[in-house]
There are 2 protein chains.
Amino acid sequence: MARIYNFSAGPSMLPEPVLQQAQQEMLDWRGSGMSVMEMSHRGPHFMAIAEQMKNDLIELLAVPANYRVLFLQAGASAQFAMIPQNILNGKTKACYVNTGAWSTAAIKEAGKYCEVQVAASGESTAFTTIPAYADWRVDPAAAYLHYTSNETIHGVEFNDIPDAGDLPLVCDMSSNILSRRVDIGHYGLIYAGAQKNMGPSGVTVVIVRDDLVGLEAKNTPAVFSYAQQAKADSMLNTPATYNWYLLGLTLQWLKGEGGVVAIEQRNIRKANKLYQAIDDSSLYRNPVDPACRSRMNVPFVLADATLDKAFLEQAEQQGLSTLAGHRSVGGMRASIYNAMPEAGVEALIEFMAEFERTH
Amino acid sequence: MARIYNFSAGPSMLPEPVLQQAQQEMLDWRGSGMSVMEMSHRGPHFMAIAEQMKNDLIELLAVPANYRVLFLQAGASAQFAMIPQNILNGKTKACYVNTGAWSTAAIKEAGKYCEVQVAASGESTAFTTIPAYADWRVDPAAAYLHYTSNETIHGVEFNDIPDAGDLPLVCDMSSNILSRRVDIGHYGLIYAGAQKNMGPSGVTVVIVRDDLVGLEAKNTPAVFSYAQQAKADSMLNTPATYNWYLLGLTLQWLKGEGGVVAIEQRNIRKANKLYQAIDDSSLYRNPVDPACRSRMNVPFVLADATLDKAFLEQAEQQGLSTLAGHRSVGGMRASIYNAMPEAGVEALIEFMAEFERTH
């Protein structure tokens with residue numbers, strides 16, 4: 001079968017050149033006689049791969065020098081616990097903004113370690129809006145302010161960076177990192193699972209400002225101490241080496257595409273086209289406030305939900321895959337991360353129009 | 001360059017047929033139009049891959065029905081913390097046997113969560129022996145007894161299963177799982193990073209008896225709760241999907257080789273040949289008590305340490321790679337896991353003899 005357009009929310013499409021290079025190098029990485037996944041993580045080959053990968057990420061995100069860049073395991077969900085364990089620094093409260101399912105999960109987990117003050121919540125509008133900054137209640141005595149820059153399930157995305165006052169600003173960027181320009185210098189800490197815009201699942205990027213490193217609670221597991229991982233350059237124990245390699249190939253691809261500036265323009269075009277097609281139709285509807293519609297995850301419902309099954313089946317037949325919405329909200333969802341070509345979005349729009357004409 | 005023999009302690013050699021299949025399926029897994037690493041972990045393709053992999057592991061290890069089999073992230077080092085967090089069950093003490101560097105690391109981490117009683121230690125013999133069972137001091141009031149069945153750095157391996165009395169027996173099997181027959185029914189919990197005998201790094205197998213699931217401390221991170229991961233079939237959050245797939249391919253390969261019974265015979269032959277060559281020489285020496293020499297990791301020193309550099313360089317030139325001992329102990333180490341062919345061990349022996357003749 002030919003390659004399909006895969007609209008999965010993550011793990012998700014990877015650039016074809018990345019897969020081709022991984023395929024070519026599978027049994028012998030550049031004359032080493034080994035697959036990357038067979039290499040000692042402390043050997044010269046893998047050390048070179050790791051260094052290139054880290055430097056490319058620093059370059060692409062323009063990470064300032066006073067930040068540590070870590071590559072950890074166990075997903076962004078592990079960070080939900082690691083963040084309070086590492087940066088509460090003896091304080092008893094943290095502020096969280098709730099804009100959807102992933103904020104909610106972060107809040108629930110943080111509650112194990114401190115009092116959580118929900119500074120603002122979109123719950124009253126079923127997470128179709130981001131509460132106005134003027135209404136946020138941020139406690140200056142809290143350890144930090146946490147928010148989720150893009151909600152994959154609800155399709156809500158921040159278009160600017162909230163002002164956290166003197167608090168360290170902490171952000172879950174799992175689903176929009178590297179998809180748009182962002183000034184890392186505004187943050188105390190950002191984190192992101194790789195499986196949307198950076199590579200396969202199994203590696204989580206954490207970028208943390210120096211002053212927040214070394215504050216962990218005494219019983220924090222060693223592998224979850226930012227300080228210990230920073231000191232060991234994320235090799236306190238064996239890292240997920242092949243995942244690092246694929247992350248590195250994806251970053252190389254992104255650099256070749258023109259970096260974050262260029263991919264952001266493409267992502268804007270892709271999202272605008274798809275939202276326009278939805279708004280122009282009478283069959284499809286996206287419920288999110290246009291001011292905070294996600295460029296990455298486009299949820300939509302059909303006016304007649306009995307057509308959902310036919311929509312998904314016919315889409316699948318045309319090589320448009322994994323368009324079902326998250327089981328918690330139903331409907332449809334098109335995830336259109338960096339690696340989704342514009343042609344994929346156009347094929348989806350064409351299919352949607354044809355489906356509307358015939359139903 | 002041709003494929004080499006890679007004696008790395010982990011990540012380490014994988015069976016060539018595994019790499020070939022991964023290469024072939026890289027851009028399109030069995031007509032799905034996707035790479036495995038692009039698949040939603042909740043989609044039908046990946047669910048089938050995951051189920052097959054889990055069933056193959058259960059079959060190969062003959063895991064009894066009253067055990068849960070989990071595939072987690074963050075390495076065996078994460079288990080050093082997760083085990084006390086999950087199974088202390090309100091008790092304040094755990095017993096640990098110290099047979100080398102990895103036992104020592106487990107003991108250090110457990111000390112964050114409870115009093116650690118070292119039931120026995122090989123430290124007085126520089127970890128070249130396993131203390132006689134009669135001398136072990138196991139406290140029946142402890143929550144569990146932990147040991148490391150194979151020490152990768154010191155090259156010490158248990159040849160039978162210690163008697164833990166009424167305590168749950170907990171074992172780090174990272175470096176000898178699936179290399180020899182073992183009766184899982186003797187254990188409360190076993191765990192193993194994949195990167196020696198099961199696949200690439202990035203996934204950790206945990207096999208835990210039902211009665212030890214659900215006892216975790218209240219502030220245990222969700223992703224580190226055996227109960228929550230068991231309930232979610234290790235998909236509480238996005239798993240390391242491609243690593244699961246490669247683990248699955250490696251298990252399929254092992255089944256094709258005749259399973260654990262057949263590979264154990266091959267491993268015995270490989271280890272016996274190499275130890276014999278060392279013992280017969282006057283240049284090489286292995287310091288470990290023959291009763292507990294590891295079949296997986298064979299450390300040895302040269303009588304004249306000034307020859308180390310020449311030994312490593314000439315070995316590398318002949319495609320015998322990563323033979324340097326761990327930086328903490330020096331000398332040489334040949335790791336000869338399941339995927340190391342007998343021909344690789346023979347090539348090493350031949351090289352060692354030739355090197356001895358000419359130096």
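How many disulfides are there over all chains? In this predicted model, the count comes to zero. A disulfide is a covalent bond between the sulfur atoms of two cysteines. A:C171 takes part in no such bond, and the nearest cysteine sulfur, that of A:C292, lies 15 Å away. With a relative accessibility of 0%, A:C171 is classed as buried. In chain B, the cysteine sulfur closest to that of B:C114 belongs to B:C95; at 9.4 Å, the separation is too far for a bond, since the two sulfur atoms of a disulfide must lie within 2.5 Å. B:C114 is likewise classed as buried, its relative accessibility being 10%.

The arrangement of the two chains was examined next. Chain B is superposed on chain A by a rotation of 180 degrees with 0.0 Å of shift along the axis, and the RMSD is 0.0 Å. This is the relation of a two-fold axis. The same surface serves both copies, in that 100% of the contact residues of chain B recur in chain A. Among the residues of chain B, the closest approach to the rotation axis is that of B:Q23, whose C-alpha lies at 2.5 Å.

Contacts between the chains also appear at individual residues. B:N219 is located in the loop between β10 and α5 (226-231) of chain B. B:N219 is partly exposed, its relative accessible area amounting to 32%. When neighbours within four places in sequence are left aside, the contacts of B:N219 are with A:K112, A:Y113 and A:N219. Between B:N219 and B:M296 the sequence separation is 77 residues, and the C-alpha to C-alpha distance is 37 Å.

A:R42 is covered by the annotation "binding site" in an unreviewed UniProt entry. In the model, A:R42 is placed in the loop between α1 (16-24) and α2 (44-61) of chain A. A relative accessible area of 38% makes A:R42 partly exposed. Not counting residues up to four places away in sequence, A:R42 touches A:M47, A:M235 and A:L236 as well as B:R327 of chain B.

The sheet of chain A was then considered. Seven strands of chain A form an open sheet with mixed pairing, in the order β2-β10-β9-β8-β5-β3-β4. Its edge strands, β2 (67-72) and β4 (115-121) of chain A, each pair on one side only. On average, and with direction ignored, neighbouring strands are turned by 20 degrees against each other. At one edge, β2(A) pairs in the antiparallel sense with strand β10 (residues 204-209) of chain A over six bridges, and A:R68 stands opposite A:V208 in β10(A). Helix α4 (residues 101-110) of chain A packs on the sheet, where it touches β3, β4 and β5 of chain A; the helix direction makes about 160 degrees with that of β3(A).

Strand β5 (residues 145-148) of chain A has A:L145 and A:Y147 pointing one way and A:H146 and A:T148 pointing the other way, and all of these residues are buried. With strand β3 (residues 93-98) of chain A, β5(A) pairs in the parallel sense over two bridges; in this pairing, A:Y96 stands opposite A:H146. Strand β8 (residues 169-172) of chain A is also a parallel partner of β5(A), over four bridges, and A:T148 is set opposite A:D172 in β8(A).

In chain B, seven strands likewise form an open sheet of mixed pairing, ordered β2-β10-β9-β8-β5-β3-β4. β2 (67-72) and β4 (115-121) of chain B stand at the edges with a single partner strand each, so one side of each has no neighbour in the sheet. The average turn between neighbouring strands, direction ignored, is 20 degrees. Strand β9 (residues 189-193) and strand β10 (residues 204-209) of chain B pair in the antiparallel sense over five bridges, and B:L189 stands opposite B:V208 in β10(B). Helix α2 (residues 44-61) of chain B packs on the sheet through contacts with β2 and β10 of chain B, and its direction makes about 125 degrees with that of β2(B). Helix α4 (residues 101-110) of chain B also packs on the sheet, touching β3 (93-98), β4 and β5 (145-148) of chain B; the direction of helix α4 makes about 160 degrees with that of β3(B).

Methods: Residues are numbered from 1 along each chain as its sequence is written. Chains are lettered from A and ligands numbered from 1 in the order in which they are written. This is a predicted model: local features need pLDDT of at least 70, side-chain atom pairs count only at pLDDT 80 or more; totals for chains, interfaces and linings use all residues. Side-chain values use heavy atoms; hydrogens and water are left out. Copies are superposed by least squares on the C-alpha atoms of residues with pLDDT of at least 70 in both. Contact means heavy atoms within 4.5 Å. Buried means under 20% relative accessible area, exposed over 50%, partly exposed in between (1.4 Å probe, protein chains only). Two strands pair if DSSP finds at least two bridges between them. Axes are lines fitted to C-alpha atoms, for helices over the stretch in contact, and angles run from 0 to 180 degrees between N-to-C directions. UniProt positions are given in the numbering used here, feature names are shortened, and annotations may be inferred rather than shown by experiment.
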